[in-house]
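Here are my notes on this entry, set out point by point. Please read them with the structure open.

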Amino acid sequence: MYGKCGSLEDACEMFNKMPQRDLVSWNALIDAYVQHDRGREAFQLFRELEMHGFTPDIITFVTILNACQRGVSLAEGRLIHARIVERGFETHVVLGTALVNMYGKWGNVDDARRIFDKMHERNIVSWNTMIAAYSQHGCSKEVLQLFLQMQLEGVVANRITFVSMLNTCSSPADLAEGMVIHGRIVERRLESHVVVGNAIINMYGKCGSLEDAR
């Protein structure tokens, strides 16, 4: 409660006063540090949790993966990944997606894709996370290929999917691809959504087609 209400000091004091701590209390404190952008301390708590003989669960791992990009290094992220593999959680849809996001944010799109391909189950969030990772690093060819694979597997794209795809189109050479994506958006009747509409305008502007942007 204290962590979510903004009082990290009170959360720590309450934790330290507890005569007995269980995994839930460790997870809550780690989450409090993550919510306050204190990724370094969150990672240290994760290590302490293990030293005290507790076994991290899915909630622990999801929480600590959120600390990545908040002061946690790639090497430390890989250590967390190794622990997830040891527990047999790597292919879990939530943890797999979180790992894809972690590696994608660090620019390790090949690692992100390897994890994505291993996942036994993938939901729309998983697909969007992998597409966003490619998009953020200018991998337009891979974005389009993944979108086609997504359709073949019967997964229905949503607004987030299309916005990530449009963000990949950033030069006149990408105009044809951008127009195809725009066509799919019209088919889905998503063009009037403000975020999608802004992404379409931005795409045409970056691709040098100001008339279409209007």
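The points below take the overall chain, then one helix, then one pocket.

1. Status. This is a predicted model. Everything below should be read as a description of that model.

2. Overall make-up. The protein chain has 13 helices and zero strands. Its order along the sequence is therefore α throughout: α-α-α-α-α-α-α-α-α-α-α-α-α. The C-alpha trace spans about 65 × 35 × 30 Å along its principal axes.

3. Burial and contacts. The protein chain has 214 residues, and 45% of them count as buried. Take the contacts between residues at least 6 apart in sequence: 60% of these join residues at least 24 apart.

4. Helix H5, geometry. H5 covers residues 74-86, which is 13 residues. From first C-alpha to last, H5 reaches 18 Å. That is close to the 18 Å expected at 1.5 Å a residue.

5. Helix H5, buried side. Which residues of H5 are buried? They are Glu76, Gly77, Ile80, His81 and Ile84. Seen down the axis of H5, these buried residues fall within an arc of 150°, so they line one face of the helix. The spacing fits the general rule: an α-helix has 3.6 residues a turn, so residues three or four places apart point the same way.

6. Helix H5, the other side. The face turned away from the buried side carries the exposed residues Ala75 and Glu86. For this point, buried means under 20% relative accessible area and exposed means over 50%.

7. Helix H5, neighbours. What covers the buried residues of H5? The cover includes helix H3 (39-51), helix H4 (58-65), H6 and helix H7 (109-118). After H5 comes glycine 88, whose phi is positive, near 75°.

8. Second largest pocket, extent. About 170 Å³ of space lies in this pocket. Its lining consists of Leu65, Asn66, Cys68, Gln69, Thr97, Ala98, Asn101, Met102, Lys105, Val125 and Thr129.

9. Second largest pocket, sources. Which helix gives the most to the lining? H6 does, with five residues. Helix H6 (93-105) and helix H8 (124-136) each supply at least two residues of the lining. H6 thus appears twice in this note: in the pocket lining and among the elements that cover the buried residues of H5.

10. Second largest pocket, character. How does the lining divide by class? There are five nonpolar, five polar and one charged residues. The charged one is Lys105, because Lys counts as charged.

Notes:
Residues numbered from 1 in each chain as written. Predicted model: local features only at pLDDT ≥ 70, side-chain atom pairs only at ≥ 80, totals over all residues. Heavy atoms only, no water. 1 Å grid on protein atoms, 1.4 Å probe; cavity = no way out; pocket = protein on both sides within 12 Å on 5 of 7 lines; lining within 4 Å. Points joined across faces, edges and corners; volume = space filled by probe spheres on them. Helix = DSSP H or I, 4+ residues; strand = E, 2+ residues; numbered from the N terminus. Expected span 1.5 Å × (residues − 1). Buried < 20%, exposed > 50% of the residue type's maximum accessible area, 1.4 Å probe, protein only. Arc of directions from axis to C-beta. Contact = heavy atoms within 4.5 Å.
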